[in-house]
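Biologist: Could you put the model up so we can go through it together?
Modeller: Sure, here it is.

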Amino acid sequence: MSPVIRHLTVRLGSLFRRERLEQELDAELRYHIDMLVEQNVAAGMSPAAARREALRVFGTVDGVKDDVRDKWLSRFVEVAVQDIRYGMRSLRRNPGFALVIIVTMALGIGANTAIFSVVNGVLLRPLPYKDGDKLVVLHQGQGDALGANDQGFSPKEMDDYRQSRSLSDVVEFHNMFFTLLGRAEPERVSTGVVSANYFDVLGVKPIHGRTFVASDDAPGAPAVLVLSNGYWERSFGGDPGIVGKVFRMNDRPHMVVGVLPPVPQYPLEVDVYMPSSACPFRSNPKAIEQRQFRLLTAFARVKPEVTQDKAQADLDITFKQLQRTYKDDYPQGDDFHAVAVPLKTDLTSNFTSTLWILLGTAGFVLLIVCASIANLLLARMVRREREISLRAALGATRARLLRQLLTESLLLAVSGGVLGLVLSALSLQLLVSFAARYTPRAQEIGIDLNVLFFTLGVSVLTGLVFGSIPAFARRFDVASALRDGGTVTQSGQKMRSALIVAQVSASFMLLIAAGLTLRSLVTVQGINPGIRTENLVSWRADMSFDKFPLTMSPPERRAKVAAYWTEYEQRLRAIPGVLEVGGGGTFPLNEIDPFPQRLVREGHPLPPGRQPPQIDVRFATSEYFKTLGQPIVNGRAFAPSDTLTAPGVAIVNQSAAKQFWPGEDPVGTRIAGNGPGQFRTIVGVVTDVRQQLDRPPKAEVYVPVAQTVNIGMTWVVHSRLPIDDATRQIKAVSHAHDSDLPVSSFRTLAEVRSEGLAPRRVIVSLIGVFGLLALIITATGIAGVIAFSVNQRTHEFGIRVALGAQRSRVLGLVLREGLVLVSIGLAIGLAGAYMLTKVVGAVVFEQQSTAGLTLLIGTHPTDAATYIGVATTLVLVAIAACLMPARRAATVNPMVALRAQ
Amino acid sequence: MAPKSDLLQGTLDLLILRTLSGDPMHGWGISQRIQQLSKDVLQVNQGSLYPALHRLEQQGLIEAEWGNSENNRQAKFYQLTRKGRQQLAEEQKNWERLAGAVARVLAGS
């Protein structure tokens, strides 16, 4: 046996071979004594005397045995087991107390575990792809080139950036909605159009069939599809026989060649994937030729051993070369550029700060929980004074007593932690759907080993903290404790007061955060988006590509598409009860990215080398503004006569008028149209609308649907019909119009508006729940401490009342004691909240990021009303918490109180 | 490395290890040998000897085996492990340095 193993068996043996060890120890010592006896007999003693003498010399056998056992490893475990058993017994004697602590603890741990599981799944865990740390997303645009500034890449640019030295692979992705035919109903499928080696670069292997190969991407290759796992499960019931099936899409047969494993899909979850050659837009010769036809998202793999900085530097070099070669496409002086962002960061960029804020608030709750439990334990310690003193008097060392107390605390903490874990597991589904609004990584949220370790670690740490505060606050002064007959000394009172102050100040800060975000939510909810939302139903309608194939001549196709939608509009208007019908590319509050274009104004020449400014382009039918209730402030709305053959027209909103025609009337001026030499005359100015409730309106230009080619449109109907009736009739009319036209996403605009605020509401609710928890825990804490203090001073109050003190004076005395603590806590909390909003607010609350969520809108971080409201609430709650024990103090019967002594 | 113990405990450990540097011995034998070698100056108290033996065993410095004693009874025999031998050499050196230092101080006064 190797020495190490032998050593281990000796150590661990003491744990498992307990009986044998005892026997051996017994035999060993008996042998020693027998030898002593023999020695004595040899020296001439009688056997009886020899044994007596031997035992005298040896000392107490049990004492020696106990000292030996102390050296065994098992001893440690035994003591722990003993402590746990003792702790359980003492907690069982006081189940209410134990329950309060465990539940308090569970709330604190539950809140933290839940938020941490999101942080872990979204921010900490590596991407579930091969060498996920080496994957980057490329962005191209002005400013930070992110969010709305990101213009994406054209197929030509994809090839150029493939030359960048630090990148081993660049693959493309873009998202289209196509109609899949060949099933019972035409189905609108979200499609990821990707490079043939897309899945190889990500390192994703199919569970059925294959992914794409280079030959799939060749021009004219048979069209193929790979299904996402979710779509395959949802629509085909996980049928492995799907591989080889053929569906019609975009006027061509498409064969399913594979199914993906259930991996999270970035940048978004789609139903099917197709190679870029199969996408009618992407494979259009015009798209391939034009350098500014930017619709692609670029993913790249950074070569091994290459740092992020080096990759960016090489990207800059590549871009500079493009700028030198194609002067018209990348004008000098424009701050247009390309950046590489690690995929992991990119996927969570608009969620990170929110998450850290939530984790911070959850941490505050835990601090309050800690202080509260420490306070409860402190109060209980005083009640256990006699028990502990007695144990000390009987020989328990200080260390031994500390160990016992900490064991009890850990017992409570771990029980609370387990319960907290259960609570957070129950709330997980809610959190996943919340996170899904921000990041495609939401599906990776779950309770894994990291989360378990976090919970265990935090529970144990919490237990140690709240356990050691009372344990060390006490001095184990045996003599005085026994002498005083168990009445309280002042010891611990100061600590209890300090803990209350800490709780109040932490709660104040938390409630300020909750108050500010709540106020902001109310403000945002009250914001007028600039459109009406009552009695409006919206939906999506996307025609199939088969309808008007790209093989038609462009003018013919444009005419047919325009006529298609005009007829559809007329059919909708014919529905009885329908008042107005509007159609557009998207709708306000819909959170669909706008379509930015360069705005070239006639009579506004640009300085040389400057690109024209960007403006969001939207499409509208003639009744669009009337349907949504957007008044035309100047000029006219679109008319049915604004057709393809009529002169091009456009309408700008007030923001655009102010920004691009300051001091001028834009109506009657002209802007550049679709092609060279084509112009649109501005015929009207419309009021601003907020495309998202919490963002200010942007400059926009509207173009008539009839003068563009829109394959898919969002429609909205203003009607007197109940929503279900309206939806049914619209579906029927759509089917009658074109049985291959899928209609989906029926929602009222009121729903759309409310849903847009859902993430904000969830965050506010979370912070609010945390604040409420803090308030309840703190109120309980105050009540407990004051009640305890009243209990200890019963004698004093008895004397006061006996000497003629008014009941109200006694009441005031107790209330004052509580309010002094609360006031100190409020003062500290005020200073803390002010500093926090300064530090955190600067980073998060006021930041107008393009993609992230601005938590405070229309509310200043030092909003006086919120501060006063929160302070008042806290004081009122504190008074209520003090009142119960105070009333008891005031109604003390002096005779009873004095006799009790 | 064993935790630093106070002088007395450390000394007892050293004595035990030194005594066991030869043949395996049982507890009784160890106490007799120390007494004998120190010419009755050092009397090892059983109350210290057995806890020390068990501690050294847990630390892996010595190991134990049951065997027959000289009077043909079952007894627990201890012997040094390799780690124990290293520890003995080190402690012995420390002790000699300390003893020498004390001796020099005393001689100098």
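Biologist: How many residues does the contact take from chain A and from chain B?
Modeller: The contact takes 22 residues from chain A and 19 residues from chain B, where two residues are in contact if their C-beta atoms, placed from the backbone, lie within 7 Å. Before going on, please note that this is a predicted model, in which local features need pLDDT of at least 70 and side-chain atom pairs count only at pLDDT 80 or more, while totals for chains, interfaces and linings use all residues. Residues are numbered from 1 along each chain as its sequence is written, and chains are lettered from A and ligands numbered from 1 in the order in which they are written.

Biologist: Which elements give two or more residues to the side of chain A that touches chain B?
Modeller: They are α1 (3-16), α2 (18-42) and α4 (61-71) of chain A, and the largest share, 7 residues, comes from α2(A). Helices (H or I, at least four residues) and strands (E, at least two) are DSSP runs here, numbered from the N terminus.

Biologist: And by class, what does that side of chain A have?
Modeller: The side of chain A that touches chain B has 11 nonpolar, 4 polar and 7 charged residues; Ala, Val, Leu, Ile, Met, Phe, Trp, Tyr, Cys and Pro count as nonpolar, Asp, Glu, Lys and Arg as charged, and the others, Gly among them, as polar.

Biologist: Switching to chain B, how many helices and strands are there?
Modeller: Chain B has 4 helices and 3 strands, and its elements run α-β-α-α-β-β-α from the N terminus on. Of its 109 residues, 32% count as buried, a residue being buried if 20 or more other C-beta atoms lie within 10 Å of its own, exposed if 12 or fewer, and partly exposed in between, with C-beta atoms placed from the backbone.

Biologist: What order do the strands have in the open sheet of chain B?
Modeller: The order in this sheet of 3 strands is β1-β3-β2, with antiparallel pairing, and two strands pair if DSSP finds at least two bridges between them. In chain B, β1 (25-26) and β2 (62-68) stand at the edges with a single partner strand each, so one side of each is left without a neighbour in the sheet.

Biologist: How many bridges hold the pairing of β1(B) and β3 of chain B?
Modeller: β1(B) pairs with β3 (residues 74-80) in the antiparallel sense over 2 bridges, and the bridge partner of Met25(B) in β3(B) is Tyr78(B).

Biologist: Back to chain A: why call it more spread out than a compact globule?
Modeller: The radius of gyration of chain A, taken over C-alpha atoms, is 38 Å, well over the 29 Å that the globule rule gives for 901 residues, so chain A is more spread out than a compact globule. That rule is 2.2 Å times the number of residues to the power 0.38. The C-alpha trace of chain A spans about 130 × 85 × 55 Å along its principal axes, and chain A has 28 helices and 21 strands.

Biologist: Which residues have the most contacts inside the largest nonpolar core?
Modeller: Val365(A) and Ala774(A) do, in a core of 98 residues; a nonpolar core is a set of buried Ala, Val, Leu, Ile, Met, Phe, Trp, Tyr and Cys residues joined through C-beta atoms within 7 Å. Helix α13 (residues 352-383) of chain A gives the most to this core, with 18 residues. Domain 2 (95-131 + 352-491) and domain 4 (493-532 + 749-901) of chain A both give residues to this core, so it lies between them, with the domain bounds coming from an automatic or database domain assignment.

Biologist: What does Val365(A) touch?
Modeller: Not counting residues up to four places away in sequence, Val365(A) touches Gly108(A), Ala111(A), Phe770(A), Leu773(A) and Ala774(A). Apart from this core lies another, of 54 residues, including Val189(A) and Phe199(A).

Biologist: Last topic, the turn: how many residues lie between β6(A) and β7(A) in their hairpin?
Modeller: There are 2 residues between them, and Asn250(A) in the turn has a positive phi of about 50°. The hairpin strands run antiparallel, joined by 4 bridges, and Met249(A) has Arg252(A) in β7(A) as its bridge partner.

Biologist: Is Glu305(A), with its positive phi, buried or exposed?
Modeller: Glu305(A) is exposed, with 8 other C-beta atoms within 10 Å, and its place is in the loop between β9 (297-302) and α11 (308-325) of chain A.
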